[in-house]
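This report looks at one protein chain through its strand pairing, its charged side chains and its aromatic rings. Please keep the sequence and the coordinates at hand while reading.

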Amino acid sequence: MSWGTELWDQFDNLEKHTQWGIDILEKYIKFVKERTEIELSYAKQLRNLSKKYQPKKNSKEEEEYKYTACKAFLSTLNEMNDYAGQHEVISENMTSQITVDLMRYVQELKQERKSNFHDGRKAQQHIETCWKQLESSKRRFERDCKEADRAQQYFEKMDADINVTKADVEKARQQAQLRHQMAEDSKAEYSSILQRFNQEQWEYYHTHIPNIFQKIQEMEERRIVRIGESMKTYAEVDRQVIPIIGKCLDGIVKAAESIDQKNDSQLVVEAYKSGFEPPGDIEFEDYTQPMKRTVSENSLSSAKEGKPELKFGGKSRGKLWPFIKKNKLMSLLTSPHQPPPPPPASASPSAVPNGPQSPKQQKEPLSHRFNEFMTSKPKIHCFRSLKRGLSLKLGATPEDFSNLPPEQRRKKLQQKVDELNKEIQKETDQRDAITKMKDVYLKNPQMGDPASLDHKLAEATQNIEKLRLETQKFEAWLAEVEGRLPARSDQARRQSGLYDGQTHQTVTNCAQDRESSPDGSYTEEQSQESELKVLATDFDDEFDDEEPLPAIGTCKALYTFEGQNEGTISVVEGEMLSVIEEDKGDGWTRIRRNEDEEGYVPTSYVEVYLDKNAKGAKTYI
């Protein structure tokens, strides 16, 4: 099968077909180029995705990757990064092995096609020129033959006419012979040109055109083979990275199989175990006793003296603190415990049916009892949250991590000991290096002065001694936590530097007992004033996120009141305020001003409008 013999008359169609073949090749090149761009974009997106979910250095996320599930996820991110690298390899190989190569080949193919069809057009023009010569010779021969025939007929006519002179006859005879000679010459020329044309035409259809078409056919077949090879390369480029991609996927599977739920559960225990015992049973509190006793100063004193062993920070009471609402506790702490003052003379309390009763008749408020209990002279046992409260107040963390639960404290102390040991090893190595250098200087004085290293050597030795003392201090705390040593005395704590710069003249030492506090920490006993401050601080920490009490109504100040006691608020006559807690029977009403200032005022000084009694406002006068 040859295009030269089979398609000898399809020059134009072959020209269109070969151009179509080049267009197909260029289209395939464009396809591969877009594929490489997609691979690059995909690889970039995979890398960005992997980077996005990588743990940030020195952040809380980095600590979370101690769990096996998080480690497996981190391995997955790393494998995806390698996976993205393989797609970059695909893009690079396709660009170098297919796109660049085919683009160069297309330019060569276009040049070869142009040369072949130029030769074909040249052969066509030559055969057309020969054909035109043949047609011209043929027409001239035909014309000469007709002229010779007419001249012969004219001669015969003149020769048969008796009236024509002999000279005219001779002239006609010579003209006829001339025409016959011209016809013979045209015939010979036409025959020669015809033979030459036939020879050219044979060579054109049997030699030139077949050769040209054969070259075009070979060119087209090479193009087809080349595009096939490119497709194989396209597949091989993908196939080459499959083993590495398979390894990446195997790595992800291996990471997933390494997840150990038991180990993660144990890590959670190690991270959050406090070391405390569960709370004991809640003691029954009999609220009928205050109702039975007579309200008087003597009875109140006897009641306080009758319960000297009551421990506000005891185990049973202390462990209930996390369940007490902040607003209720702060109400107990800040509500004024003295009876409210009577209103001005314009409105006597005795004239008002709802006015507060005298101190001897009214029910003693819980806040009154609580505040008197907190300010009474009997000794209050130590709170474990004292040191934490003072540290939070000063904005510092205790050096011995006593603000943490025992188990967490042990971990922190162990970590600190390990860090100090590393620092000691580092300083020791540095000291050894300086010592060796000094020995070299002693042996070879020209290399340096040995005395110049004495200062550095002394400094290194001093640093090592400081670090060892620090390590011993933390190891002692660690041994205490682990139960290897008895609890330290107050003198030992002062020697350790925990209470440097502090005076303890008003502080009574704790009797070795450690009480639970709301935040799970423990410390020694402090003064009563510090305890009250720490108590408020601890509860502020525990309930900072608690929503403020909602307003249950409004009130209007009937008289001006100067709030001079703690927990009270000053009001001006005629001022409108929000009520957040109505009178509990002690003669005080809790109000709020401007969403950030609140306190107690005498109920007889305000006119209260509760939301539940919107139709008829309840008035306390």
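How many of the residues of strand 3 (residues 588–593) are buried? The model is a predicted one, and in it 6 of the 6 residues of strand 3 are buried, which leaves the strand mostly covered. In a regular strand the side chains alternate between the two faces of the sheet. In strand 3 both faces are covered, with Trp588, Arg590 and Arg592 buried on one side and Thr589, Ile591 and Arg593 buried on the other.

## The sheet around strand 3

Strand 3 belongs to an open sheet of 5 strands, whose order is 4-3-2-1-5 and whose pairing is antiparallel. At the edges of this sheet stand strand 4 (597–602) and strand 5 (606–610), each of which pairs on one side only. Direction ignored, neighbouring strands of the sheet are turned against each other by 40° on average.

Strand 3 pairs with strand 2 (residues 576–581) in the antiparallel sense over 3 bridges, and with strand 4, again antiparallel, over 6 bridges. The hairpin of strand 2 and strand 3 has 6 residues between the strands, and Gly585 takes a positive phi near 105° there. In the hairpin of strand 3 and strand 4, with 3 residues between the strands, the positive phi is that of Asn594, near 60°. Elsewhere in the sheet, strand 1 (residues 553–557) runs antiparallel to strand 5 and is joined to strand 5 by 5 bridges; Thr554 has Tyr609 of strand 5 as its bridge partner.

Arg590 is a useful residue to follow across these strands. Arg590 of strand 3 stands opposite Glu581, and also opposite Tyr600 in strand 4. The side chains of Arg590 and Glu581 form a salt bridge as well, with the closest N and O atoms 3.6 Å apart. Arg590 is buried because its relative accessible area of 5% is under 20%, and Glu581, at 15%, is likewise buried. The linkage extends further, since Glu581, Arg590, Arg592 and Glu598 are linked in a network of salt bridges.

## Salt bridges in the helices

Side chains of opposite charge can pair when their charged atoms come close. The search of the whole structure finds 23 salt bridges, and the table lists three examples.

| Side chains | N to O distance |
|---|---|
| Glu112 and Arg222 | 2.4 Å |
| Arg590 and Glu581 | 3.6 Å |
| Arg139 and Glu135 | 4.0 Å |

Glu112 lies in helix 4 (residues 68–160) and Arg222 in helix 5, so this pair ties together parts that are 110 residues apart in sequence. Glu112 counts as partly exposed at 28% relative accessibility, and Arg222 is partly exposed with a relative accessible area of 38%. Arg139 and Glu135, by contrast, both lie in helix 4, where they are 4 residues apart, about one turn of the helix; Glu135 is partly exposed at 22%.

## Aromatic contacts

A pair of aromatic rings is described by the distance of the centres and the angle of the planes. A search of the whole structure finds 13 aromatic pairs. In one of them, the rings of Tyr28 and Phe31 have centres 5.9 Å apart and planes at 35°, so the pair is tilted. Both residues lie in helix 2 (residues 11–52), 3 residues apart, about one turn of the helix. Phe31 also forms a tilted pair with Tyr234, at 5.6 Å centre to centre and with 40° between the planes. Phe31 lies in helix 2 and Tyr234 in helix 5 (residues 166–257), so this contact ties together parts that are 203 residues apart in sequence.

What is the exposure of these three residues, buried or partly exposed? Tyr28 is buried with a relative accessible area of 10%, and Tyr234 is buried with 18%, whereas Phe31 counts as partly exposed at 41%.

Ring pairs also link Tyr559, Phe561, Trp588 and Tyr605 into a cluster, and Trp588 is among the buried residues of strand 3. A charged group meets a ring where Arg226 lies over the face of Tyr105, at 4.5 Å from the ring centre.

## Annotated regions

The unreviewed UniProt entry lists residues 155–186 and 410–437 as "coiled-coil region". In the model, residues 155–186 are 84% helix and 0% strand, with the end C-alpha atoms 21 Å apart. Residues 410–437 are 100% helix and 0% strand, and their end C-alpha atoms lie 40 Å apart.

Technical notes:
Residues numbered from 1 in each chain as written. Predicted model: local features only at pLDDT ≥ 70, side-chain atom pairs only at ≥ 80, totals over all residues. Heavy atoms only, no water. Phe/Tyr/Trp six-rings, centres within 6.5 Å; stacked < 30°, edge-to-face > 60°. Helix = DSSP H or I, 4+ residues; strand = E, 2+ residues; numbered from the N terminus. Buried < 20%, exposed > 50% of the residue type's maximum accessible area, 1.4 Å probe, protein only. Lys NZ or Arg CZ within 6 Å of the ring centre and 35° of its normal. UniProt positions renumbered as here; feature names shortened; annotations may be inferred. Pairing = 2+ DSSP bridges. Axes fitted to C-alpha atoms, helices over the stretch in contact; angles between N-to-C directions.
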